[in-house]
Amino acid sequence: MKLKDITNGPDWMIWVVFAVFVLITILLLTGHGSNLIAGYNTASQLKREKYNEKKLCRVVGMGMLVITLLILIMAIGQNTLPAAMAYVFGAITLLDCGVMMILANSICKK
């Protein structure tokens with residue numbers, strides 16, 4: 001069974017999701033878009049001052065880049081990749097989110 005066999009919806013949908021993730025990744029990697037980071041955008045000004053905003057945006061942007069590349073791999077290889085790769089992509093995404101949280105709370109603090 002291939003990855004294509006377990007996907008739902010039209011084929012163009014994954015490309016739309018990929019395009020949105022590319023835009024968000026570029027926005028974060030340029031050091032902007034801190035309002036897209038959950039928790040940071042709702043924090044008080046006192047808590048925001050404890051973090052280096054540019055570094056935080058870049059850390060989250062690098063994490064988003066990994067997820068964006070995974071989406072690209074799934075979109076390109078959906079006809080050839082085995083269905084079990086969905087679990088691998090999910091595990092990598094969860095690991096990436098964990099690394100982003102650890103880095104955001106360690107190296108991004110002033």
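Okay, a definition to start: when I say helix or strand, I mean a DSSP run, of at least four residues for a helix and at least two for a strand, numbered from the N terminus. With that in hand, what does this protein have? It has 5 helices and 0 strands. So reading along the sequence, you just get α-α-α-α-α. Keep in mind that this is a predicted model. For the overall dimensions, picture the C-alpha atoms filling a box of roughly 50 × 25 × 20 Å, taken along the principal axes.

Let's look at two of those helices together. Find α4, residues 53–76, and α5, residues 85–104. Their axes come within 9 Å and cross at roughly 175°. Now, anything over 145 degrees counts as roughly antiparallel, so α4 is roughly antiparallel to α5.

Which residues make that contact? On the α4 side they include Leu 56, Val 59, Val 60, Gly 63 and Ile 67. On the α5 side, Phe 89, Ile 92, Thr 93, Asp 96 and Cys 97 are among them. If you sort the contact residues by class, you get 15 nonpolar, 2 polar and 1 charged.

Next, the pockets. The largest one holds about 310 Å³ of space. It's lined by 16 residues, and the ones nearest its centre are Ala 38, Tyr 40, Tyr 51, Ala 104 and Asn 105. Our two helices come back here: α4 and α5 are the elements that give two or more residues to this lining. Which one gives the most? That's α5, with 4 residues. By class, the lining of the largest pocket has 11 nonpolar, 2 polar and 3 charged residues.

The second largest pocket has about 200 Å³ of space. This time look at α1, residues 3–6, and α2, residues 12–29, since each of them supplies at least two residues of the lining. Leu 3, Ile 6, Met 13 and Ile 14 are among the lining residues, and so are Met 74, Gln 78 and Ala 86. The split for this lining is 7 nonpolar, 4 polar and 1 charged.

One last stop, and we stay with α2. How many aromatic pairs does a search of the whole structure find? It finds 1. The partners are Trp 15 and Phe 18, with ring centres 6.0 Å apart and planes at 90°, so the pair is edge-to-face. Both residues sit in helix α2, 3 residues apart, which is about one turn of the helix.

To recap: the protein has 5 helices, α4 and α5 are roughly antiparallel, and Trp 15 and Phe 18 make an edge-to-face pair. Thanks, everyone!

Technical notes. Residues are numbered from 1 along each chain as its sequence is written. This is a predicted model: local features need pLDDT of at least 70, side-chain atom pairs count only at pLDDT 80 or more; totals for chains, interfaces and linings use all residues. Side-chain values use heavy atoms; hydrogens and water are left out. Axes are lines fitted to C-alpha atoms, for helices over the stretch in contact, and angles run from 0 to 180 degrees between N-to-C directions. Angles under 35 degrees count as roughly parallel, over 145 as roughly antiparallel, 65 to 115 as roughly perpendicular and the rest as oblique. Contact means heavy atoms within 4.5 Å. Ala, Val, Leu, Ile, Met, Phe, Trp, Tyr, Cys and Pro count as nonpolar, Asp, Glu, Lys and Arg as charged, and the others, Gly among them, as polar. On a 1 Å grid over the protein atoms alone, a cavity is a set of points where a 1.4 Å probe fits but cannot get out, and a pocket is an open set with protein on both sides within 12 Å along at least five of seven lines; lining residues have an atom within 4 Å of a point. Grid points are joined across faces, edges and corners, and a volume is the space filled by probe spheres set on the points. Rings of Phe, Tyr and Trp (its six-membered ring) pair if their centres lie within 6.5 Å; planes under 30 degrees apart count as stacked, over 60 as edge-to-face and the rest as tilted.
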